[in-house]
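Biologist: Could you walk me through this model, one question at a time?

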Amino acid sequence: MTLAELKLAVLYVALVAVALAAMLCMFRIVRGPSPFDRVLAFDCLALDLVGAILLESILLETDVFVDIALVVLLLGFIGTMSLATYLDRLHGD
Amino acid sequence: MVTDYFEIAALVLGAFFMLVASLGVVRLENFYTRIHAPTKAATLGLAFLLVALAIHLGAATGAAKALLAMLFVGMTAPVGAHILARAAYRSEIHPMAKIDEYSAFAKRQNGKR
């Protein structure tokens, strides 16, 4: 096995692992007893999505997807912050 | 090439840490234990994947963008986790802690408003 083949195999295995991680996060979103668990799993899912975008970017040998990864990262952070603030106002006090 | 070996190692470590983070989200039994998993492990896994991308692209623009993303995720993940844990505490999700020093502070804060 050459080095390029090894790298390709590792890339595919890493993609499968990240997809599995995203599926586990989806399980926690569906199951989660409290809304906070769901928000936490959503945060983790956004990070997994960014990881998948980065792996795909390495696979396609391009750097344009890094911008998309940055945008998804930002949207995940804003989503987590707004959901947490909403839940704080809803249940708190 | 040596850089190829570094890239493969970073890929393996990154994917492993992302998988462990999601496994922790599913398998741990309490909200405050579950919040540990993605904030540390997923951030580390993403940092390793960004290192792999920076090694692979090599050029200045790709590596700079990867560094920017690493800085950004390092700044936002703790802030998001803190806000979420604070909201959960104020919503009567009690931690299983013997000593709860935050409870007196939270009560004082509630009285002030």
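Modeller: Happy to; here are some questions and answers on a helix, a loop residue and the interface. This is a predicted model, in which local features need pLDDT of at least 70 and side-chain atom pairs count only at pLDDT 80 or more, while totals for chains, interfaces and linings use all residues. Residues are numbered from 1 along each chain as its sequence is written, with chains lettered from A and ligands numbered from 1 in the order in which they are written.

Biologist: How far apart are the end C-alpha atoms of helix α1 of chain B?

Modeller: Helices are DSSP runs (H or I, at least four residues), numbered from the N terminus. The expected span is 1.5 Å times one less than the number of residues. For the 26 residues of α1(B), residues 2-27, that gives 38 Å, and the computed distance agrees: 37 Å.

Biologist: Is Glu61(A) buried or exposed?

Modeller: Glu61(A) sits in the loop between α2 and α3 (65-91) of chain A, and its phi is positive, near 60°, though the residue is not glycine. A residue is buried with 20 or more other C-beta atoms within 10 Å of its own, exposed with 12 or fewer, and partly exposed in between, the C-beta atoms being placed from the backbone. Because Glu61(A) has 8 C-beta neighbours inside 10 Å, it counts as exposed.

Biologist: Which element gives the largest share of the side of chain B that touches chain A?

Modeller: Contact means C-beta atoms, placed from the backbone, within 7 Å; 44 residues of chain B contact 45 residues of chain A. Elements giving two or more residues to that side of chain B are α1, α2, α3 and α4 (60-90). The largest share, 15 residues, comes from α4(B).

Technical notes:
Two residues are in contact if their C-beta atoms, placed from the backbone, lie within 7 Å.
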